[in-house]
Structures are given as structure tokens and as C-alpha cells.
Amino acid sequence: MAPPAFSAALRRREPLRADGGTDSFRLVDGTGDGPEFAGMILEDYAGRWLVQTDDRFLNSPPAWLRGVAASPRSIYWKRLDKEDRKAPVFWHGERLEGPFAIRENGVRYLIDFSAGYSQGLFLDQRENRRRVRELASAGARTVLNLFSYTGAFSAAAAMDGAITASVDLSKRYLDWGRENFRLNEIDPAAHEFYAGEVFDWLRRFTKQQRRFDLVIVDPPTFSRDRSGKVFQVERDYPRLAATCAGLVDLGGRLLCSTNHRGLASGDLGRMLAEALGPGWAFESVPMPADFTGVAYLQAVWATRNQ
Ligand SMILES: C[S@@+](CC[C@H](N)C(=O)[O-])C[C@H]1O[C@@H](n2cnc3c(N)ncnc32)[C@H](O)[C@@H]1O
């Protein structure tokens, strides 16, 4: 039997479904939904559930999940293990044949549980993607999306008419981004996709004196490219943000975020204020309401007013 806190967690998310534009949410966020969920995260991707557990759960998620009244089409299970990053495994219901589409604020995205440790979309950026869409519809015409992964921010911007440039080390993820565009009936050929290291591309854009209405920076905590070049949030974010700031048009915006748990709350804002200097207004935004647990994602919107 599901613990009573489970129905409470589902009820808490009901208002988020009200406008019908979104079918994917975090349903349980560890102890944020009750002490009985310590070490467990449950996400709903359009009726396919992904349960993630840490080593407090030995060899499977809690058995009661198989009998819940909400009855998802499928349940996949992933062990939360940063050292051994494996794709989710099938656990209950229908076995998925391949990628499938979900919907978020009217934009569709491809999810693939067999793609590896990450499934194609980080639900914690939902509100920032919504804001990107709003800015595009309010006139932001040119958007640069760095560390673009599967191009979710780019697709959101393109949905409302922006022309986007996406940069990522991985050609495979850039191709996934193109698929996300097609899924929304946007021609990827009208947009730019650049494979390679972010600083290398920033150097080129700076030399070309390119300017954007919006630059999006959401890097991983740590990465290494093929040549061995390392990116590390604590060390490299200030230089990264300052370089990006130089590409933002007057009145334009820079969205910076990080999920690095080594940074204390407010650290990203302080780092940016120092790196960008005067001439910028800053706004920190909270995580989406379905993320009831640790507020690990910091996101700051900076507007260039000089
Ligand atoms: C955490 S994901 C970014 C998530 C993405 N911003 C989103 O909202 O969907 C990290 C991405 O950065 C890319 N990446 C890591 N280091 C990079 C670098 N130095 N230059 C370009 N891309 C990089 C990875 O290939 C991966 O797709």
C-alpha cells in the first residue's frame, strides 16, 4: 500500500496540471514530500514514470509503486549513483520501444529512457524555459544557448519565433535538439547548431562581434572535452559569464544557472554581480513548485541596462 503521503504528494501537484499544457512533473522529491521518501525521486513523463533511488533502497524501488491507483503506463527505475551512471531499467507496466514525446507549456520534447543516465529533459528548468518562450514572444529575436544538450531552451525560444544558436560538445545531443525542433514543426535548418567547446565558440562569436537578445548558460558542474580541456563551475563560471555578457545586446538578457551543490545558496548571484559589474540588474528565481526538496538549482536572470 502506498503511504498516505503519496496521495498528498500527487494532490499537491494537481494545480500544476490545471492549464493542460504540461504532462511531465516531479511527483515525489525525497523528504520534501515526507520523511518516508528519503532517497527517492519519482518523475512522471507523460504517463511513463521514472523512479530514482539512492543506496537507501537496495535492489529495487518500493514495491507499493506497482499498485498505485494513478496506474502509470510504465515504470522505469534508475539508481542514483554519480560514480556509476547507468540508464534506467524497465520495472513495471509496458516496456518502451524507443523515444516518446512529452509536452511542457505547449512545447513537445523527446524523452528516451534508454539514452543513458539523463533522459533528454531536465524538468527543473521548466519555469526558465517558460520565461524564454515569453521573452521570444515579447521580441527577443536572437538566442544563444550554450551547453545546449538536447536543445530544450532553443526549441522553447524558436517556438515563439526566435532564431537560435545552440552549442554543445556532443553531436548526438545536437541531433536530438534538431529532432525536438521537428517535433514542434520548426525547421532546424533555419537555426544554428555548433558542435564544440563553449569557450572556443565564444571566442569566435566575440571576434565576429555577434550580439544576442538572450544568452543562456547552464553548464554541468564539471566536464572535460576530447582534448582534455576541463570546465569547472567554481573556477570557470565568472570568466564564462563575463564573456557571455559581452555578447548581450543593450536591453538583452543573460540566464545563468547551475545545479552545483558545492555552491551555497546565493553564491551564483554574488559571483555574477562581481563578474558582470555595473550596468546589469539581477533577479534570482526559485525552482518549480513540484521540486519540494533541496533547492539545488540556482538560476539568475541578468538584464543589461547600460
Ligand atoms: C547538464 S547538460 C546542460 C543542460 C541544458 N542546459 C538543458 O537545459 O537542457 C550539460 C551539457 O553540456 C555539454 N558540455 C559539457 N561541457 C561542455 C563544453 N565545455 N562545451 C560545450 N558543451 C559542453 C554536454 O555535452 C551536455 O550536453
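In what order do the strands of the open sheet lie, and is the pairing mixed or not? The close-ups below, all taken from a predicted model, begin with that sheet.

**View 1. The open sheet, strand by strand.** Seven strands make up this open sheet, and following them across gives β10-β9-β8-β11-β14-β16-β15, with mixed pairing. At the edges you will find β10 (192–195) and β15 (280–285), each of which pairs on one side only. From one strand to the next, the twist averages 15°.

**View 2. A parallel pair, β11 and β14.** Here β11 and β14 run parallel, joined by five bridges. Look for Val 215, which stands opposite Leu 254 of β14. Strands of a sheet pair through backbone hydrogen bonds, in either a parallel or an antiparallel manner.

**View 3. Helix α6 over the sheet.** Helix α6 lies across β11 and β14, and runs at about 165° to β14. Its 13 residues (233–245) should span 18 Å at 1.5 Å a residue, and the 17 Å between its end C-alpha atoms agrees with this.

**View 4. The two sides of α6.** Val 233, Tyr 237, Leu 240, Ala 241, Cys 244 and Ala 245 are the buried residues of α6. Viewed down the helix axis, these buried residues fall within an arc of 125°, so they line one face of α6. An α-helix has 3.6 residues a turn, so residues three or four places apart point the same way. Turn to the other side of α6 and you meet Arg 235 and Arg 239, which are exposed.

**View 5. What covers the buried residues of α6.** The cover includes two helices, α5 (198–207) and α7 (267–276). Strands β11 (212–217), β13 (230–232) and β14 (248–258) also take part in covering them.

Notes
Residues numbered from 1 in each chain as written. Predicted model: local features only at pLDDT ≥ 70, side-chain atom pairs only at ≥ 80, totals over all residues. Helix = DSSP H or I, 4+ residues; strand = E, 2+ residues; numbered from the N terminus. Expected span 1.5 Å × (residues − 1). Buried ≥ 20, exposed ≤ 12 C-beta atoms within 10 Å, placed from the backbone. Arc of directions from axis to C-beta. Contact = placed C-beta atoms within 7 Å. Pairing = 2+ DSSP bridges. Axes fitted to C-alpha atoms, helices over the stretch in contact; angles between N-to-C directions.
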